[in-house]
Amino acid sequence: MVNIIGAGLAGLSAACELAKRGIRCRLISPQRSERAQSVLAEGGINAALDTMNEHDSPAEHYEDTMRGGCYLADPNAVAALTENAPAVVERLFRLGVPFGLNEKGIQLRNFGGQKKKRTAYAKSSTGKILMTALIDEVRKYEHRGLVKRYPHHELIRLMLAEGRCEGAFVRDCYSGLCAELGGEVILACGGMNGMFPRMTTGTTQNTADAAAELFGQGIRFCDLEMLQYHPTTIGISGKRCLITEAARGEGGRLWISRGGSRWYFMEEKYPELGNLMPRDVVAREMFFVRGREDTDGEVMLDMTELTQEVWKKRLSDLRDEIIRYTGSDPESEPIAVHEGIHYFMGGIDADERHRTSVDGLYAAGECCCLYHGANRLGGNSMLGAVYGGITAAETAASRSKDTDGSEPQFSAADDPLLTDARTEFTEALGEILTGGLGIVRSGEALESAIERAERLNVCCPREENKRQLGLAMLRSAYERRESRGAHYRSDYPESSEEYRRQTVAIHSGGRTEISFRSLPERRASDADKT
Amino acid sequence: MQIRLDITRRESAAEQSYLLSVMFESDDPAATVASALTEINADSGRRDINGRPFTPVRWECSCLQKKCGACAMVINGRPMLACDARLAELSRRGAVTVEPLKKFPPVADLIVDRSGMFEALESAGLWLENGGTVGSENTDLGFEASRCLQCGCCLEVCPNFYVGGEFFGMAAAVPNTRLLAAADDAAAGDLKASYRKHVYNGCGKSLACRSICPAGIDAERLLVSSNAAAVWKRRFGGRKKR
Ligand SMILES: Cc1cc2nc3c(=O)[nH]c(=O)nc-3n(C[C@H](O)[C@H](O)[C@H](O)COP(=O)(O)OP(=O)(O)OC[C@H]3O[C@@H](n4cnc5c(N)ncnc54)[C@H](O)[C@@H]3O)c2cc1C
Ligand code: SF4
Ligand code: SF4
Ligand code: FES
């Protein structure tokens with residue numbers, strides 16, 4: 001029996017893989033899969049399918065991913081990811097995903113940080129369309145009794161004994177009753193969006209409570225300083241709304257007004273990839289050009305040159321959304337865009353088989369730190385979530401003892417962790433964190449944020465866990481005295497080979513220790529293959 | 001903008017519902033029922049219009065951009081997504097009413113248990129028994145039919161749907177159409193039979209559900225395709241491209 005915490009792309013993929021192998025699992029999430037953050041993904045999923053006559057290959061996908069991540073990811077894991085990407089996308093296609101097609105197969109579009117077209121898509125609602133297919137597939141296994149959903153249930157904490165994970169203690173959010181669910185645990189609980197309330201492109205459901213509890217229980221986290229700011233977001237009620245990178249992939253251009261004329265700063269500075277440089281670079285350039293004395297106003301995303309054909313066939317859903325939220329039609333007017341927190345490269349430490357620091361505990365999808373290094377390429381996270389879910393399930397399957405499959409008994413529980421964090425607290429913590437973890441960081445700003453977080457008043461263990469996780473993010477950023485990918489320090493603007501190591505954060509005995517760890521070398525046998 | 005929200009509350013399924021009236025002020029012209037609920041709950045000094053304190057109002061949300069269906073509720077008598085319900089557009093004499101969906105069993109406040117909708121999908125056998133692919137002739141149709149949020153708004157207005165009945169409504173018709181676009185012949189037979197039994201036979205075709213769908217799914221177009229295949233034994237969807 002395996003307990004999967006989270007029912008987004010990673011959780012569903014893990015459930016399918018376990019069920020295919022005849023292993024039973026429980027799929028636990030506070031709300032249904034239809035409500036998971038994965039349904040928001042827009043632009044697409046990467047695989048070197050080579051259907052665009054560009055002679056693409058997994059080796060190039062590997063190179064782009066490693067370079068995009070500033071060589072801060074496990075090369076063996078990235079090699080496996082990119083090697084298997086075509087099979088992953090084919091597998092999704094065979095679940096009935098209506099990918100855009102051409103005469104050679106699945107059509108691919110341009111995405112940031114990649115020179116070749118490598119992103120498979122379903123208009124600009126790819127995440128929703130993939131989720132629908134996976135939900136239907138999991139339903140088949142629910143019917144066969146292999147998957148059991150706990151669709152309004154949240155993880156409260158892991159059941160740990162002698163360094164081994166023996167199950168999950170969960171709460172039914174409807175009744176408030178709790179139960180212990182025995183078995184291996186796969187964490188697929190998504191990004192830590194709730195650390196930054198209202199400031200991310202994600203969902204309110206990813207409260208980061210799960211991550212905070214896990215951190216508080218001593219699970220090892222890595223690269224917590226690596227947050228991705230997406231260059232093109234707009235503010236809407238209660239959150240940042242993403243304008244997919246596909247807008248630029250299909251020809252959208254960024255400019256800012258300078259001396260009364262349009263300055264296409266990305267195209268001028270980066271002639272090769274232009275508007276499609278990796279996200280960290282674009283976001284930072286936007287920050288800098290806006291701050292210059294000779295420029296005026298916001299950075300504009302200009303899609304007015306896109307053809308009717310592109311709007312109709314590939315971005316119709318995006319256009320409707322922009323009109324709804326900005327009141328202007330992107331087909332005829334450029335729209336003002338701003339950077340927004342979008343993705344967490346760091347998270348629960350996982351190895352290439354998706355094992356964590358604790359036996360019997362696995363992690364996949366955005367909650368884990370593995371494939372994306374210092375900056376994730378667009379289209380690689382859905383790939384990482386699906387492939388990661390499958391791989392975590394494979395690993396768990398080889399270990400799972402089909403023991404306790406009986407119906408768990410839910411009953412009233414008295415546990416200090418059942419008290420939710422106050423909104424005032426999470427908002428205050430979020431504000432402190434953004435002060436330290438902006439697009440441009442400095443030792444001074446980080447010190448002041450650490451000091452404020454240390455003084456922040458906490459009322460319950462959940463708040464304390466969140467505060468500790470936040471402090472670990474700030475301290476990781478403070479200790480990394482260099483600039484790399486998403487982490488840019490104005491006091492250390494260059495990268496340094498000495499820091500081409502992962503930050504490791506462990507909380508135990510009331511203290512958090514931040515250290516650095518070298519990355520593994522690429523295994524020779526794999527390197528020969530690709 | 002100053003708006004009075006009249007919210008139907010209930011502590012738990014076992015208890016009676018009652019009305020909470022609360023004033024909400026915002027200078028955001030795009031403020032929605034979702035943003036109002038968020039802000040009211042965030043304010044630890046919250047009071048109703050009579051100055052009485054109250055506990056946070058329980059409701060479900062997730063994406064806040066009408067893409068997940070979590071926040072479906074009845075607003076001014078009409079089922080819609082709270083995150084898409086703009087107060088300025090809805091206010092009638094300065095007030096907006098907010099109630100839970102009524103077709104589903106209540107849980108607490110604005111939360112209802114929509115399990116029945118998902119169980120219907122399972123009992124209709126909505127999956128691909130042997131996998132399947134969508135050809136380019138049906139990419140658009142497959143896309144449209146993959147977009148259902150399972151929010152339940154269409155079921156709320158459907159005169160023929162009730163939880164536990166044989167008729168599963170548009171929330172099942174849409175996914176069924178997606179599966180028909182991909183299924184092989186063997187699986188398509190079962191899907192068509194299920195479609196006839198759980199959709200076609202019980203549907204009064206008034207299309208009351210159509211204008212209500214917050215995802216704007218073109219129900220008529222999907223039904224034309226599925227009816228053609230499942231009922232009239234004609235070809236499903238577009239003509240094969242060569
Ligand atoms: C707007 C947007 C657009 C994006 N576009 C793209 C794109 O084009 N291409 C791409 O590759 N990536 C994209 N991404 C990123 C990508 O969507 C995510 O990284 C990926 O879908 C994460 O999947 P996941 O399964 O790990 O997590 P999620 O889908 O976030 O699922 C997390 C699950 O965990 C559950 N959960 C949370 N807390 C708890 C708890 N305490 N207990 C139990 N369960 C819990 C949630 O309910 C949910 O079911 C985008 C992201 C956003 C926000
Ligand atoms: S057409 Fe009428 S009967 Fe049929 S699903 Fe829609 S509302 Fe229900
Ligand atoms: S068809 Fe529309 S209204 Fe009905 S459940 Fe799906 S998204 Fe909601
Ligand atoms: S919160 Fe997702 S649809 Fe409203």
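**Exercise 1. How many residues surround ligand 1, and which are the closest?**

*Solution.* Before we start, note that this is a predicted model, where local features need pLDDT of at least 70, side-chain atom pairs count only at pLDDT 80 or more, and totals for chains, interfaces and linings use all residues. Residues are numbered from 1 along each chain as its sequence is written, chains are lettered from A and ligands numbered from 1 in the order in which they are written, and side-chain values use heavy atoms, with hydrogens and water left out.

Step 1: collect the residues with a heavy atom within 4 Å of the ligand. For ligand 1 there are 39, the closest being A:Ser38, A:Gln205, A:Glu366, A:Ser381 and A:Met382.

Step 2: sort them by class. The shell holds 17 nonpolar, 18 polar and four charged residues. Here Ala, Val, Leu, Ile, Met, Phe, Trp, Tyr, Cys and Pro count as nonpolar, Asp, Glu, Lys and Arg as charged, and the others, Gly among them, as polar.

**Exercise 2. Find polar contacts of ligand 1 (pairs of N or O atoms within 3.5 Å).**

*Solution.* Step 1: look at side chains. An N or O atom in the side chain of A:Glu366 is 2.7 Å from an oxygen atom of ligand 1. In the side chain of A:Arg376, an N or O atom is 3.3 Å from a nitrogen atom of the ligand.

Step 2: turn to the backbone, where an N or O atom of A:Ala188 lies 3.4 Å from an oxygen atom of ligand 1.

Step 3: check the cover. The protein buries 99% of the 1000 Å² that ligand 1 exposes when taken alone (Shrake-Rupley method, 1.4 Å probe).

**Exercise 3. Describe the shells around ligands 2 and 3.**

*Solution.* Step 1: the residues around ligand 2 include B:Cys158, B:Cys203 and B:Cys209. By class, this shell has eight nonpolar, three polar and one charged.

Step 2: around ligand 3 you will find, among others, B:Cys148, B:Cys151, B:Cys154 and B:Cys213. Its shell has eight nonpolar, two polar and no charged residues.

**Exercise 4. How many residues does each chain give to the contact?**

*Solution.* Step 1: count residues in contact (heavy atoms within 4.5 Å). Chain A gives 50 and chain B gives 57.

Step 2: find the buried area, the accessible area (1.4 Å probe) lost on joining, summed over both parts. Between chains A and B this is about 4300 Å², with 49% from carbon and sulfur atoms.

Definitions and conventions:
A polar contact is a pair of N or O atoms within 3.5 Å; within protein, one must be able to donate a hydrogen and the other to accept it, and residues adjacent in sequence count only if both atoms are side-chain atoms. Buried area is the accessible area (1.4 Å probe) that two parts lose on being put together, summed over both.
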